[in-house]
Amino acid sequence: MALFDDEPLKKPKPHEIGQDLSLLSVGELTERIALLRAEIERLEAELKAKSATKSAAESLFRRS
């Protein structure tokens, strides 16, 4: 709890790489796996978008 009402509450990190997992329940581990899979999908989508942009730019400059 914050000492004063105007202080923002710090949200716990949902997952930290290298964190001790032995204290987590099966449910918590399952939630983290789902969270990480969703993050991987988000990263892959961004990578795909950037690759498409890069390919389009390379194609444009190759014509010259």
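Buried residues account for 5% of the 64 residues in the protein. The model is predicted, and its secondary structure consists of one helix and zero strands. Two salt bridges are present in the structure.

**Fold and surface**
- The one helix of the protein is accompanied by zero strands, and helix 1 covers residues 26-62.
- The accessible surface of the protein amounts to about 6400 Å².
- Carbon and sulfur atoms contribute 61% of that accessible surface.

**Salt bridge Glu-39 to Arg-42**
- Glu-39 pairs with Arg-42 in a salt bridge whose closest N and O atoms are 2.8 Å apart.
- Both Glu-39 and Arg-42 belong to helix 1, where a spacing of three residues places them about one turn of the helix apart.
- Glu-39 has a relative accessible area of 30% and is therefore partly exposed.
- Arg-42 reaches 54% relative accessibility, so Arg-42 counts as exposed, the cut-off for that class being over 50%.

**Salt bridge Lys-50 to Glu-46**
- A salt bridge also joins the side chains of Lys-50 and Glu-46, with an N to O distance of 3.9 Å.
- This distance qualifies because the criterion is a separation within 4 Å.
- Lys-50 and Glu-46 lie four residues apart in helix 1, which is about one turn of the helix.
- Lys-50 is exposed because its relative accessible area is 53%.
- Glu-46 is partly exposed, with a relative accessible area of 43%.

How values were computed. Residues are numbered from 1 along each chain as its sequence is written. This is a predicted model: local features need pLDDT of at least 70, side-chain atom pairs count only at pLDDT 80 or more; totals for chains, interfaces and linings use all residues. Side-chain values use heavy atoms; hydrogens and water are left out. Helices (H or I, at least four residues) and strands (E, at least two) are DSSP runs, numbered from the N terminus. Buried means under 20% relative accessible area, exposed over 50%, partly exposed in between (1.4 Å probe, protein chains only). Accessible areas come from the Shrake-Rupley method with a 1.4 Å probe; for residues, only the protein chains shown count as cover.
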